[in-house]
Each structure stands twice: as C-alpha cells, then as structure tokens.
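Here's a quick briefing to read alongside the picture. Take a look at the fold first, then work through the points by topic.

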Amino acid sequence: MIGPCFMELPKPFLISRISGDHNGSQYNCVCPGFELKSWRFERLAAHLIDWLPDFAIRHDDMPEQIENLTDYRKLLERAAERIYRTEKSGQRGEIGELLLHAICRQFSGTFPAISKIYYKDTSNEVVKGFDLVHSRFDEDTNELQLWLGEAKFYRSGADAVSDAITSIRKHLDAGFLTSEKILLGSKISKDTPGYSKLEWLFERDTRLDEVFQRLIIPILIAYDSRNTSEFSNDSDYNKAIEKEVLHFQASILKRLPTNVSIYCFYLPMNSKQSLIDSFDKKLGGFTS
C-alpha cells in the first residue's frame, strides 16, 4: 500500500492552550500556534483540507484502502466538491463545522456517526439542527456517548456565544429533539463503533431521558481576538486568552440548562477572513 489508509487520521496539529473544568463543564482553548509571532492561518487551512475526507464522506462509502497517491487525491477531490458546492456566504459556516469535527476527533476521540455535510449536498432534505453528530463508545465499559455539537465561526466572540446559546436552547426543545432523532436515525453509518446501541438511541420509541443520559454538547466558539495580534510570548498570551475564554464560558453556562453536559472549545483567531480566503484558495485546487 503506497498511499495512506483511509483510517489514518491527519496528524494532530492544533495545540491546547488552556483547558479545565468551570462550574462542572469542561472547556479547551485550542490554537494552531504562532510562527515569528504571526498566527498560523495558512497552516491551519492546509490542516483542514487534510480532514475533508473524514468530514464530508460517509464512512460507509469510504474505500477499504488507498492504493496510491492518485487514489488519495481523487478522494480529496470528491470531499472538496461537497464543500465547494455548498452555498458560500460571508460566514463560511462549514469551516466552523469542519473545525469542530477535527477538534472533537483529535481531543476527545469521537467518531462521526453522521456526515451532515454529505446530506446537505446529496439530499433535498433541509438539514437543520446540530452541526455535528458524533459518538464515543468505550468498549471496556460498554458505554455510549452521543455528541451533538454546535459550531459558531464569527468575527465577534460575543456574537458567537450569544448565537450558540440561542441555537442550543432551540435544539434542546423536546419537540425539536424528537424530530431530529427520528430524522437522523436512518443516516447513521453502520461502521460506527457501538452502532446497535446508537441505532436504538435514535428509535422513535426510545425516551428522550435515555438520550439526555448519554448526551454531550460540544460547542465551538471561533472568533477574532485582538490578543492574537498582540502576541509576544506564550505565557502572556495564555493569561490574556484565559481571561477572555472564562468570560465566555461563564456566559454560556449561565444561560444554558444544567441537565446536559457541555464541552466548550474556543479558537481565538487573528483574522477569520484570512482563514476563509486561504481555505477557499486551497479548496479550489481540488475542484474543477
């Protein structure tokens, strides 16, 4: 086998700046790092391209192995087309969804149970609801976690936090969650670890209480931060970012229900627009 096997995930790239537990909910501030005191948006954009196949292609549809680099290129092109054909906007929200996907995979060891971008591209159904549907199955304890995530990719951190709170409160409505559960149930990839348990969880007659017992809600807040422009050294930067992140974390926990487990990921950016432009340029290289 010359090229990489499809099961090999991209090499970990993002680093954790600060992490911890705040009032019972976990948080993690991740970062692509700095080079010559400049935020590495170009390298982050390239890293996101590496994640495209895992993000945009159903695992059921993945080839068992990649025989050569030409085949791997074709797989990347196929994944890139799914992103490229989505309706482009100034928000470029799918970058946020891709970031959350990669972050959950790298830092929490989750598995993509459903590719939302796949159905957004190939189905006439309106794909609403959570931006991420992952699971985490522990074979030793036989326990399953359902990760339903929300990604906000904004210039303003305050706006991202406010919109995340509004979206999640709507998603946790009993009627909406029941409809979402039924809609997504038939779309679970059969190679998802713990598939039978996950399939049962999405059945019409399974009580929402069972869902809430296993539910983790990861939230990505990606936003422009002036601290990334004022970077001088890691110690001072981490202190400034921690103050910023804990302020956002307190706002989120204050306004969300306490009966669900929240895991917040923060990504302070130097320039959202620079990341969009770099990503689009690299994405265009894989599309016709």
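In which loop is the place of Ser 189? Ser 189 sits in the loop between helix H7 (174–185) and helix H8 (195–201). Keep in mind that what you're looking at is a predicted model. Let's start with the whole chain and then zoom in.

**The whole chain**
- The chain has 288 residues, and 52% of them are buried.
- Its secondary structure adds up to eleven helices and nine strands.
- Take the contacts in the chain with a separation of 6 or more: 73% of them come from residues 24 or more positions apart.
- About 13,700 Å² of the chain is exposed, with carbon and sulfur atoms supplying 45% of that area.

**Back to Ser 189, and on to Tyr 119**
- Ser 189 has a relative accessibility of 2%, so it counts as buried, the cut-off being under 20%.
- Leaving out residues up to four places away in sequence, Ser 189 touches Arg 58, His 59, Asp 60, Ala 113 and Tyr 195.
- Arg 58 comes up again with Tyr 119: these two are 61 residues apart along the chain, yet their C-alpha atoms are separated by 9.4 Å.
- Tyr 119 belongs to helix H5 (residues 116–122), and its relative accessibility of 15% makes it buried.

**Helices H1 and H11**
- Two packed helices are described by the angle between their axes and the distance between the axes.
- For helix H1 (residues 41–50) and helix H11 (residues 272–284), the axes come within 9 Å and cross at roughly 45°.
- Why do we call H1 and H11 oblique to each other? Their crossing angle is roughly 45°, and angles of 35 to 65 degrees fall outside the roughly parallel and roughly perpendicular ranges, so the pair counts as oblique.
- H1 passes H11 in a right-handed crossing.
- On the H1 side, the residues that meet H11 are Phe 41, Glu 42, Leu 44, Ala 45, Ala 46, Leu 48 and Ile 49. On the H11 side, they are Ser 274, Leu 275, Ser 278, Phe 279, Lys 282 and Leu 283.
- Sorted by class, this contact has nine nonpolar, two polar and two charged residues.

**Helices H6 and H10**
- Helix H6 (residues 157–171) and helix H10 (residues 234–255) pack with their axes 10 Å apart, at an angle of about 20°.
- That angle is under 35 degrees, so H6 and H10 are roughly parallel to each other.
- The crossing of H6 and H10 is right-handed.
- H6 brings Gly 157, Ala 158, Val 161, Ser 162, Ile 165 and Arg 169 to the contact, where they meet Phe 248, Ser 251, Ile 252 and Arg 255 of H10.
- By class, you'll find five nonpolar, three polar and two charged residues here.

**Two loop residues with positive phi**
- Most residues other than glycine have a negative phi.
- Lys 37 has a positive phi, near 70°. Its place is in the loop between strand S3 (34–35) and strand S4 (38–39).
- Is Lys 37 buried or exposed? Its relative accessible area is 53%, which is over the 50% cut-off, so Lys 37 is exposed.
- Asn 142 also has a positive phi, near 60°. You'll find Asn 142 in the loop between strand S6 (132–138) and strand S7 (143–153).
- With 44% relative accessibility, Asn 142 counts as partly exposed.

Note on methods: Residues numbered from 1 in each chain as written. Predicted model: local features only at pLDDT ≥ 70, side-chain atom pairs only at ≥ 80, totals over all residues. Heavy atoms only, no water. Helix = DSSP H or I, 4+ residues; strand = E, 2+ residues; numbered from the N terminus. Buried < 20%, exposed > 50% of the residue type's maximum accessible area, 1.4 Å probe, protein only. Contact = heavy atoms within 4.5 Å. Areas by Shrake-Rupley, 256 points an atom, 1.4 Å probe, with all protein chains shown as cover. Axes fitted to C-alpha atoms, helices over the stretch in contact; angles between N-to-C directions. Parallel < 35°, antiparallel > 145°, perpendicular 65-115°, else oblique. Left-handed = near helix turned anticlockwise from the far one by under 90°. Nonpolar A, V, L, I, M, F, W, Y, C, P; charged D, E, K, R; others polar.
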